[in-house]
Amino acid sequence: MSQRFAVIGNPIDHSLSPIIHQYFAKQTQIDLVYEKMSTEASYFKSQVSNFFDDNGKGLNITSPFKQNAYEMAAIHSERCTQARAANTLWLKENQLCADNTDGIGLIRDLTRYVSLSGKRVLIFGAGGATRGIIHPLLEENLADVVIANRSLVNVFEFSKAFVDIKCITMQDIEGDFDIIINATSANLLEEFIAFPALCFSKQPFCYDLSYTQQNQTPFVQYARALGCLAVDGLGMLVEQAAEAFFIWHGIRPSTHQIIDFLRKPSKS
Ligand code: NDP
């Protein structure tokens, strides 16, 4: 019987994770099914428990449940403990294990375009994704990193959990940056963001964690209109999935072909 995997989040319809994992499975000749699961905050825990009780092998967690997934797990990888947010769950000897592959996924893709050493980086958003990418970014010898968030309440929450990292509100951003990363879920929620235009004045390299198959998210379009080089997070999505695949199956799939495959609609 096929091994069962899934991604859980809300919204979830947009997720490309099933296509990516099934592509990796074909490449590595592993027999699996990979589903999408939608949930609400009050059902998250019970749905995760039911999935593993029903012989599910591995779960990816997406917005906005990464912190809930972290709290549910009994065993955490070091990078998951640093993030206090999980995007990959599995069972080992009946204990729920958690990892966070977002950071490694981002670094593998972002460094295809830009070197990180000595750079000033601004991140919009202080949610689960930012928790996952912040420590791996700090290991890249940056000159500085600033996180800017819309709500003051999440500025406080983030600052409490990551005391050494500068987290401010969007209105308090000062200076210019070499790299700007959009880690908000505004695109996912189909909301408009008033990005402070001043921080784009030196035409930083812009990276959007959100993605479309055409590489044209609203943030990417906004940044390009200001003369910046900008890419979306499709490559990161594939790279974080490859790392989760490695955790579950012990095989590291190659990622270039699936990125090209997923980009195909933009070329036609
Ligand atoms: P969370 O729900 O945990 O956090 C959402 C963040 O977005 C919060 O900081 C929130 O700010 C901010 N936000 C939401 N709407 C707006 C808005 N209209 N204006 C300004 N800020 C806003 O989500 P995640 O951190 O898990 O995910 C963030 C994004 O990253 C998602 O789009 C997700 O798809 C993407 N992602 C992509 C990955 C990839 O592999 N490419 C991997 C992981 C995530 P506030 O505190 O004010 O509510």
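In helix α1 (residues 17-28), the buried residues (under 20% relative accessible area with a 1.4 Å probe, protein chains only; exposed is over 50%, partly exposed in between) are S17, P18, I20, H21, F24, A25 and T28. Viewed along the helix axis, these buried residues lie within an arc of 165°, taken from the directions from the axis to the C-beta atoms, and so line one face of α1. An α-helix has 3.6 residues a turn, so residues three or four places apart point the same way. The helix has 12 residues and spans 16 Å between its first and last C-alpha, close to the 16 Å expected at 1.5 Å a residue, the expectation being 1.5 Å times one less than the number of residues. Q29, which follows α1, has a positive phi near 60°.

The model is predicted; local features require pLDDT of at least 70 and side-chain atom pairs pLDDT 80 or more, while totals for chains, interfaces and linings use all residues. Residues are numbered from 1 along each chain, and side-chain values use heavy atoms, without hydrogens and water. Helices (H or I, at least four residues) and strands (E, at least two) are DSSP runs numbered from the N terminus.

An open sheet of 6 strands has the order β2-β1-β3-β5-β6-β4 with mixed pairing, where pairing requires at least two DSSP bridges between two strands. Its edge strands are β2 (32-38) and β4 (75-76). Strands β1 (3-9) and β3 (58-61) are parallel over 4 bridges, and F5 is opposite G58 in β3. Helix α1 lies across β1, β2 and β3, at about 170° to β2. Helix α9 (234-249) lies across β1, β2, β3, β5 and β6, at about 0° to β5. Axes are lines fitted to C-alpha atoms, for helices over the stretch in contact (heavy atoms within 4.5 Å), with angles from 0 to 180 degrees between N-to-C directions.

The largest nonpolar core (buried Ala, Val, Leu, Ile, Met, Phe, Trp, Tyr and Cys residues joined through side-chain atoms within 4.5 Å) contains 28 residues. Its largest share, 4 residues, comes from α6. A second, separate core of 24 residues includes F5, W90, C97 and F245.

Several backbone features fall in loops. The N10-P11 peptide bond is cis, with omega about 5°, and P11 is in the loop between β1 and α1. The S63-P64 bond is also cis, with omega near 0°; P64 lies between β3 and α3. N94, in the loop between β5 and β6, has a positive phi of about 70° and is exposed at 73% relative accessible area.
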